[in-house]
Structure formats: C-alpha cells, structure tokens
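The exercises below are meant to be worked through with the model open beside the text. Try each task before reading its solution.

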Amino acid sequence: MTQQHAEISAIQLYKRLLRYAKPYWRVFLAVILAMVVYSATEAGVAMIMKPLMDDGFVGRDTDVITMLPLAIIGLFLIRGLADFFTTYGLGWIARNVIKTLREQMFNKLLVLPSAFYDHSTSGQLMSKLLYDVEQVASAATDAALTMIRDSLTILGLLAWMLYLSGFLSLLILFTVPFIALLVYYISVRFRRISKNIQNSMGNVSHVSGEIIDGHREVKTFGGQAYETKRFDKVNQGNRQQQMKKIATDAVAQPLTALIAAVGMALVIYIATLPQMLDKITVGDFISFVTAMMMLLTPMKRLTKVNAKLQAGIAAAESIFNLLDEKPEVDEGKLTIERAKGHIEYRHLSFSYNADKAKVLDDISFIAAPGQTIAFVGHSGSGKTTLVSLLARFYNVDQGQIFIDGIDINQLQLSALRRQMSLVNQQVVLFNDTVANNIRYGLSDDVSEDAIIEAAKAAHAWDFIQRLPDGLHTQVGENGVLLSGGQRQRLAIARALLRDAPILILDEATSALDTEAERHIQAALETLMQQRTTLVIAHRLSTIENADRIVVMHNGEILESGTHAELLAKGSHYAELHRLQFQEA
Ligand SMILES: Nc1ncnc2c1ncn2[C@@H]1O[C@H](COP(=O)(O)OP(=O)(O)OP(=O)(O)O)[C@@H](O)[C@H]1O
Ligand SMILES: [Mg+2]
C-alpha cells in the first residue's frame, strides 16, 4: 500500500522534473538519436561475428576478410561520435535544469515567512541547495543515459538474438521477471536510504555551520569536546547510511549477474546439444554468445543506476518540498506611496504557535504622525514581537493594526514595508563594502554625498574615514571586521538613508557608550521629528523625551504616559526608573 503510494509519487516527481527539461527537448531529441546510433553500433559488434566466422574463418571469403577490419574502425568511429554527443548534450541539459532549480530555490528563500526560518536550520537549507540539487543532476544524467541507451542496446542485442534463434532467446527472456523483481525491491530500499543520507548531510552541514559561526563561543566556553561528540554522531550517522547504500548495491549487482549467468548457462547447455548443433552455424552460435555476453554490461549498469535514480528521486522530493512551501501571505491589494505615519494597534493578541500561550495580549495604542512611542519592560515581555508585527513578519491572528487608517493586511507587503526603516536588536550586515551596506536595498544611484550625510548623522563618519578604504572597506561576513558599536552605527545610517515615514528602533543604541549614545540621540531626535518612531530601549535615559512611554509585562500593557506622568504616578515605570537610577 505504502509502496504503491511511493511509486505514484515517484511518477509525479519524474513528471515534474521532466517539465524542467522541457525547454531543451530539441537537444534531448538529438541526444536520443545519438543514443540510438550508439546502441546500433553495439548490436553491430555482435553482428560482425557472424560473417567473421561463417564467411571469414569457415568460408575463407577474401572480400570479407579485407572489409571486416575497416568495418570495425568505422563502427567505433561512429560509436565514439555518438558517445560524445550523448554525454555532452545530457550534461548541458542537466546543468541548465540545475541552474533553474537553484534559482527557484533561492527565490523561494527570499519570500518564505519568518515562521519557516524559525523552524529550519541554515545548514539544512544550504545542504538542499548544494548537495540535493547535485544528486538530482547526476541521477538525471546517469538515469537518462543508462535507461535509454542501455535499454536500446539490450533491445538491439535481443532483436539480433531473436533473429539468430528464437528458441535460444526465449531462454534468456526467462530470467527477466526474476531480475525485474529484484530491481523493484532494491529500488524501494535505495530510496529510503537516500532520504536518510540527505538528512544526514543536512545534519553534517548544520553542526559544522554552527561551530564556524560560533567559533569564539566554542573556544571560550571550552565546547570543543562537546562539539566533537556532536559532530561525531552526525558524521557517524552519515557513514552508516552510506554503508547501507553500498551494501545494498554490493548485493544487488552480483545477484543480478548470477541470475543472468544461470540463463546463459542454460543457453550454452541447450545450444550444444546434438539436436541443436545441426540447426545453427558456428557464426550463429558465436554471434549469439557474443550478444549474450554484451548484454551483461548494460544490464549491470541498469541495476546499478537504480541507486543513483532513487537518490535523485529522494533529492527531488526534498527540493520540491522546499519549492512548495507557502510564501508569505501577500494578499493585500492597496498600495501607498508615502504614509503620513499614523499607527494604531487595536486589541491585538498574538502567539507564535497556536497551541502556545499568548505573547501579546490585547494591545491597543495610537501613535500620531511624528510621535515617538517608547516601549519598556522586562526581557521577554513582547516588545520585539510587538514591533515586528507592524512589518507583518508574522500574521496577526486577533485584532488589527492600522497605518494611516488602513488595515495592514490590506496593503501589499512591499508597499507596507517601504514605509518603515528598521534597526534591529541583532544588527545584520552583508559581506560587502561600508557604502553598499548603508545603501542596502536602495538603487545604485544614491549619491555618495547622501551616504556620507547619513553616516555623519549616525556618528559613523569618523570611524569610516579611519578605515583603510573608507566607504569602500569590506566589512566581512556580518561585519566581523567592525566593533559592535560601529556595526550598530552603520545600521542606524542605513535606516536614516532609507528615509521612511516610520522608524523602528529596537535597542538601536545598546552597543554604544554613553558618549556616542548622547551624540546619536541628538541626531535621532531631529530625525524622529519628521516621522513616527517606535523605540525599544532598556536604558530609560534614552527615552525620557518620548511622547508616550508604554510599559509592558508578559505581553500586556501595564501603563502608559509621558515620563513625567509615569514618574508622578509612582507605579511600575517609577520603580524601573528608581532601580536604574540606583545602578547609575
Ligand atoms: N520566533 C519566535 N518563535 C517563538 N517564540 C518566540 C519567538 N520570538 C520570541 N518568542 C517568545 O516571545 C516572547 C516575547 O519575545 P520578545 O522578543 O518579543 O521579547 P522582548 O520584550 O523583545 O525581550 P528583550 O527585551 O529581551 O528583547 C518570549 O517569551 C520569547 O520566548
Ligand atoms: Mg527584544
């Protein structure tokens, strides 16, 4: 039952893969032609045996004796050309298909929702993009090559054998069902193992990716022994799965050969019986046995290609699973050029998982255009979640968010996100120059003056000037060549240059010293005047001037008001403030 199901989906996978090859059908046709020619030359070798024996050795025909060596050279010349076209053409098609698949996977990764990334590891995804795709390529080429060319060769040889002696050929055909049965059972096993191998490759790349990214943590916390053990486990798992595949392969081949050999033994036994010897010539017999011997190689390859093919199917499944992931919901029709920046949260509740507790509970507030709303509260109280919902990184399940009076679900995602600049708690920089990081996402014709302007406002210009290549210095992967505070200032400059009506600052100045923070604060304040700002800060000194401060706890709003109002009230905010003041 389940096997039957697997077969059906395998056929669907083939069909889907074939669709990728469809644009190249002309080349494929030419390749098939080349394969037909190749197979014909194979049968030709067996055919030559008959005149060689009957006319050459037995008949002593001089014409045949001079012609045959030339015929052999000609035959192999044609065969060589056909071989070249087959290999080259198939490779060309496969590489094109791979390129398209990678392109589609990459484009998919660009539109997948945050929730998808929360539940996948980058190692696993990379492994799909690198390893699984290659598996499909080599499976598709090898499979097409072997299945079409070797099948044709087998057909050609069998046809020749039938022509020579129908009776003897039937004996060979007798072994076919046994081989087919064997191939079927092994296929199912191969596919299962291949899936495991792909997962284990994902694990290998996941674990090694983590220690590459976290090499400092591994060193300082002395995690080497732990990581070695962890890696050993996935590495060992990969070896075990690979060995299972090798073992299956190792059993399958000799077994197929044995079945074929039994058929051959039968043929030789019967052909040499006195009654048969009268019916066929020496040439017939030698030619028949040659053809029979020549059958073995393509048959062996046919059983061997199965392993590759099953790996390819499993890989294609893994790739299509990614391609079939649902992209971010983007059903909004409305678009706005530049919002005024009026924001309203209305009775908003949210949880990351339907079955988990609420992370936000009945949040309501309004920010008028140009206002600054600050969010404070304990770690984990839901501040980052609250602001990330404005950009629709997750879908809101209860309540609504409005920008300029429009429910954000009715806006196109691109139009919505164009309205906001974001400086995140975790700064992300790209492995590119300082200038390209600042103008990230904007068109190339942003002038260098504008970039410098933004860098100055973010108090980044001083240190940028001192970098070896100034604005054109490479920052390294995620900005490793910069300090934490420098990275943060680049992120701020990026947000400033974007000049969006809504600014979201999530701990945007947390990595700066008090001195730098005061400078940037001044710059940010001029900037905040013209736009609506949602700011999250742990250091309360940075948000005293906010139009409203919202105090959060466990996903709920405890109180809100201006700094002075909340202090006068003497409740939660006043308590937080007192604690920080004491520390200072
Ligand atoms: N991607 C996620 N998937 C599931 N749960 C999450 C996710 N991100 C955050 N959470 C949970 O949601 C809650 C609120 O997290 P959030 O990041 O909004 O807090 P925060 O107020 O920004 O904290 P901090 O001040 O430490 O930045 C936490 O309990 C956290 O465990
Ligand atoms: Mg946070």
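**Exercise 1: the two sides of a helix**

Task: In this predicted model, determine which residues of helix 6 are exposed and which are buried.

Solution: Begin with the exposed side of helix 6, where Gly166, Leu170 and Leu173 are found. A residue counts as exposed if 12 or fewer other C-beta atoms lie within 10 Å of its own, and as buried if there are 20 or more. On the other side of helix 6, which spans residues 166–173, the buried residues are Leu168, Ser169 and Ile172. Looking down the axis, these buried residues fall within an arc of 100°, so they line one face of helix 6. As a last step, look for their packing partners, which are helix 5 (122–164), helix 9 (224–271) and helix 11 (282–323).

**Exercise 2: the shell of ligand 1**

Task: Describe which residues surround ligand 1 and how they divide by character.

Solution: First list the surrounding residues, among them Asp118, Tyr352, Val359, Lys383 and Gln425. Next sort the shell by character, which gives 2 nonpolar, 7 polar and 2 charged residues. Finally ask which element contributes the largest share, and the result is helix 12 (residues 383–388), with 3 residues.

**Exercise 3: the edges of a sheet**

Task: Work out which strands stand at the edges of the open sheet.

Solution: The sheet has 4 strands in the order 2-1-4-5, with antiparallel pairing. Strand 2 (360–367) and strand 5 (406–407) each have a single partner strand, so one side of each is left without a neighbour in the sheet. For strand 5, the antiparallel pairing with strand 4 (residues 398–403) runs over 2 bridges, and Ile406 is the bridge partner of Ile403.

Terms used:
Residues are numbered from 1 along each chain as its sequence is written. Chains are lettered from A and ligands numbered from 1 in the order in which they are written. This is a predicted model: local features need pLDDT of at least 70, side-chain atom pairs count only at pLDDT 80 or more; totals for chains, interfaces and linings use all residues. The arc is that of the directions from the helix axis to the C-beta atoms. Two residues are in contact if their C-beta atoms, placed from the backbone, lie within 7 Å. A residue is near a molecule or strand if its C-beta atom, placed from the backbone, lies within 6 Å of it. Ala, Val, Leu, Ile, Met, Phe, Trp, Tyr, Cys and Pro count as nonpolar, Asp, Glu, Lys and Arg as charged, and the others, Gly among them, as polar. Two strands pair if DSSP finds at least two bridges between them.
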